[in-house]
Amino acid sequence: MKALNRILDRARHSPRRIALCEGEDERILRAAVRAAKDGIARILLVGDRQAITSTAATHGVDLAGVELIDPADSSLTGSLAEALHALRERKGMTREQAEQAVREPLCFANLLVREGHADGSVAGAVHTTADVVRTAIQLLGVAPGCRLVSSFFLMMLCKPFHSLKGGIIFSDCGLVIEPDADELADIAMAAADSAESLLGEPPRVAMLSFSTSGSARHGNVEKVVQAARRVKAQRPALAIDEDVQLDAAIVAEIAERKLPGSRVRGNANVLIFPDLEAGNIGYKLAERIGGAEAIGPLLQGLAKPANDLSRGCSVDDIYHVIAVTTVQAQAADSRRRSAGGD
């Protein structure tokens, strides 16, 4: 079964409440209705009720099965404003400012997640990445044990011509421009968690470089090595290669020659790029030349799931990100139960 199909099946098995806040966009409406109909999520569509229903009517979209929430008349608006004020008062936000801010659909949707009325949020078809990420960090916060929020792409290699099959996590390709060794270690651990929750298999991490096992000496290589060793110290059971070139990360025969002691053995399912420049180039090469399907950028390191969309996204893109957000919410629930939370 294709990795993407496994994600969709897992989402259907236990759908979660996903808040969307850009319902005046036809693509969002079509993806929302499709997700609800297919049972991969319970959709909460946040925004101006009249504008959303008008857009749906114009484009012939039947909103049956989707819950529509208008901040202007929702019974939750008052309590969410109180929660926002309590959260941001130390940053200088007044109660009046909180009451005004909560009526913005992006803010309202993330507060639904924060306060437990939704399990995850998806935005970015209309809003900028900066707005989506800033709102998520401010309202949801960073997950325990994480020091920063980063991003990843779920790259799907499922076509007949792909010699390497399945899903691979590429990180960070969309957010952290030039991570230092500590930040790169955090990105690697968050990406390993993303692989475990979305791919349903043990993570095998490759810290990409132009060097393999010390074949080159440079400050950029040293950063990658330091990051990998910090990950090893915190997660000794995790299979991870230190500085490794891409071919040795994904080709078993090359790994056997270059890294005979590797636990990854040329079978990496998590590729950690040394900086955003390399990551952005890497995922676009895989997508445009290699024919991989890129889902993302997706966010990791948040206390609760929230994901970004490209403003050029298709209905399929949105649908798949909704499914991924549902599975992330399932994983978050599982971690809370394991930690003894409610």
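**Exercise 1. Find how many bridges join β7 to β8, and trace the chain between them.**

Five bridges join β7 to β8, and the two strands run parallel. Strands here are DSSP E runs of at least two residues, helices are H or I runs of at least four, and both are numbered from the N terminus. Two strands count as paired if DSSP finds at least two bridges between them. The model is predicted: local features need pLDDT of at least 70, side-chain atom pairs need 80 or more, and totals for chains, interfaces and linings use all residues. Residues are numbered from 1 along each chain as its sequence is written, and side-chain values use heavy atoms, without hydrogens and water.

Step 1. Pick one pair: M207 has D243 in β8 as its bridge partner.
Step 2. Follow the chain: from β7 it passes through helix α9 (residues 219-234) to β8.
Step 3. Assign the hand: this β-α-β crossover is right-handed. That means a clockwise path from the first strand over the helix to the second, with the strands pointing away from the viewer.

**Exercise 2. Place β7 in its sheet and describe its side chains.**

Step 1. Read the strand order: β8-β7-β9-β6-β5-β10, an open sheet of six strands with mixed pairing.
Step 2. Mark the edges: β8 (239-244) and β10 (293-300) each pair on one side only.
Step 3. Check the other neighbour of β7: three bridges join β7 to β9, again in parallel. A206 stands opposite L271 in β9.
Step 4. Go one strand further: β9 (residues 270-272) is joined to β6 (residues 166-171) by three bridges, also parallel. Here I169 has V270 as its bridge partner.
Step 5. Check burial: five of the five residues in β7 (residues 204-208) are buried, meaning under 20% relative accessible area (over 50% is exposed, in between is partly exposed; 1.4 Å probe, protein chains only).
Step 6. Sort the directions: R204, A206 and L208 point one way, V205 and M207 the other. In a regular strand, side chains alternate between the two faces of the sheet.

**Exercise 3. Identify salt bridges that involve helix α9, and state how covered the partners are.**

Step 1. Apply the rule: a side-chain nitrogen of Lys or Arg lies within 4 Å of a carboxyl oxygen of Asp or Glu. The count is 18.
Step 2. Take R230 and D182: their N to O distance is 2.4 Å. R230 lies in α9 and D182 in helix α8 (residues 181-199), 48 residues apart. R230 is partly exposed at 31%, and D182 is partly exposed at 32%.
Step 3. Take K232 and E242: their closest N and O atoms are 3.0 Å apart. K232 sits in α9 and E242 in β8. K232 is partly exposed at 33%, whereas E242 is buried at 18%.
Step 4. Extend the pair: salt bridges with shared partners join R229, K232 and E242 into one network.
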